[in-house]
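This report introduces the structure shown below to a reader who has not met it before. It treats the surroundings of the ligand, then one sheet, and finally the overall form.

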Amino acid sequence: MSEVVAPYAARVRGLNKSFGDGASRLHVLKDVDMDVRQGDITMLIGPSGCGKTTLISILAGTLKPDATTQELNVLGQDLQKMTSGSITRFRAQNIGFIFQAFNLIPTLSLAENVSVPLLIRGVRSGVAEKRAREVLALVGLGDRAKSRPNQLSGGQQQRVAIARALVHEPRLIICDEPTAALDAKNGQLVMELFENVARSPERAVLIVTHDNRIFPHANRIASMDDGRIVEVHDIDASHPLPENLRHGFHQ
Ligand code: ADP
């Protein structure tokens, strides 16, 4: 696939998503406009059920938007014009998606789990495993490469899922509650990894979270309610973190 340099990691206009048909049709995303800028850590917040997971699943190409959607551009590609096969390949190359359920493969070791995105890209298994071990070390699990997922705590499994999402250096990292199961030390470790990713101007991190420990690491906070983006805050020297977010966030 050709490299297209986009000013935005993602640009969405008039995005709609409904589930079901007829009387049971549920209109979940309602004309959403959103930009995810390269070089940013963007946080997406909002009450449970407002559509956050649906939105990031569409950006990651695992869900299709309604046909009424005006624009769905991710890393310079128009996802609406792509076949599901080419979206799957595009995702494997360019997007690290960290699911709320970690989706680790129970029969594989941690190093093998983390190697999967590299093997999909055709990296030889010895090289892939070496790189997987390096990234496991970055998330503090360098000595557990041979363990199986069921030998780990929830927080450790979460760090393996993060290592797997970072291993192929994707240009867009999308995560659903990446620090939910992590203690203060490991939450900090993971956010520093994301900051390193976002330091590169061609890469971006989008995080759905209720964890107010993440707020100080974000450049931009987008707030959703009832299927719409209702507020966007840019965080920089002249726009500090809003008071209500600095002192905790309530659903
Ligand atoms: P959030 O992540 O903000 O909690 P979701 O995107 O998970 O919200 O869900 C938004 C709404 O869409 C909810 O009412 C949820 O029940 C509904 N929904 C999500 N996925 C599906 C699906 N596959 N089929 C039907 N309804 C769904």
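Helix α1 gives the most to the shell around the ligand, supplying three residues. The model is a predicted one. Helix α1 spans residues 52-59, and both α1 and strand β2 contribute at least two residues each to this shell. The residues around the ligand are Phe19, Leu26, Val28, Gly46, Ser48, Gly49, Cys50, Gly51, Lys52, Thr53 and Thr54. By character, this shell holds four nonpolar residues, six polar residues and one charged residue.

Strand β2 also belongs to an open sheet of four strands, arranged in the order β2-β1-β4-β5 with antiparallel pairing. The edge strands of that sheet are β2 and β5, each of which pairs on one side only. Two bridges join β4 and β5 in the antiparallel sense. In one of these contacts, Asn73 has Asp78 of β5 as its bridge partner.

The residue ranges of three elements named above are as follows.

| Element | Residues |
|---|---|
| Strand β2 | 26-37 |
| Strand β4 | 71-74 |
| Strand β5 | 77-78 |

The protein as a whole contains seven helices and ten strands. Its radius of gyration is 18 Å, close to the 18 Å that the globule rule gives for 251 residues, so the protein is as compact as a globular protein of that length. Along the principal axes, the C-alpha atoms fill a box of roughly 50 × 45 × 40 Å. Buried residues account for 39% of the 251 residues. Of the contacts between residues at least 6 apart in sequence, 70% join residues at least 24 apart.

Definitions and conventions: Residues are numbered from 1 along each chain as its sequence is written. This is a predicted model: local features need pLDDT of at least 70, side-chain atom pairs count only at pLDDT 80 or more; totals for chains, interfaces and linings use all residues. Two strands pair if DSSP finds at least two bridges between them. A residue is near a molecule or strand if its C-beta atom, placed from the backbone, lies within 6 Å of it. Ala, Val, Leu, Ile, Met, Phe, Trp, Tyr, Cys and Pro count as nonpolar, Asp, Glu, Lys and Arg as charged, and the others, Gly among them, as polar. The radius of gyration is taken over C-alpha atoms; the globule rule is 2.2 Å times the number of residues to the power 0.38. A residue is buried if 20 or more other C-beta atoms lie within 10 Å of its own, exposed if 12 or fewer, and partly exposed in between; C-beta atoms are placed from the backbone. Two residues are in contact if their C-beta atoms, placed from the backbone, lie within 7 Å.
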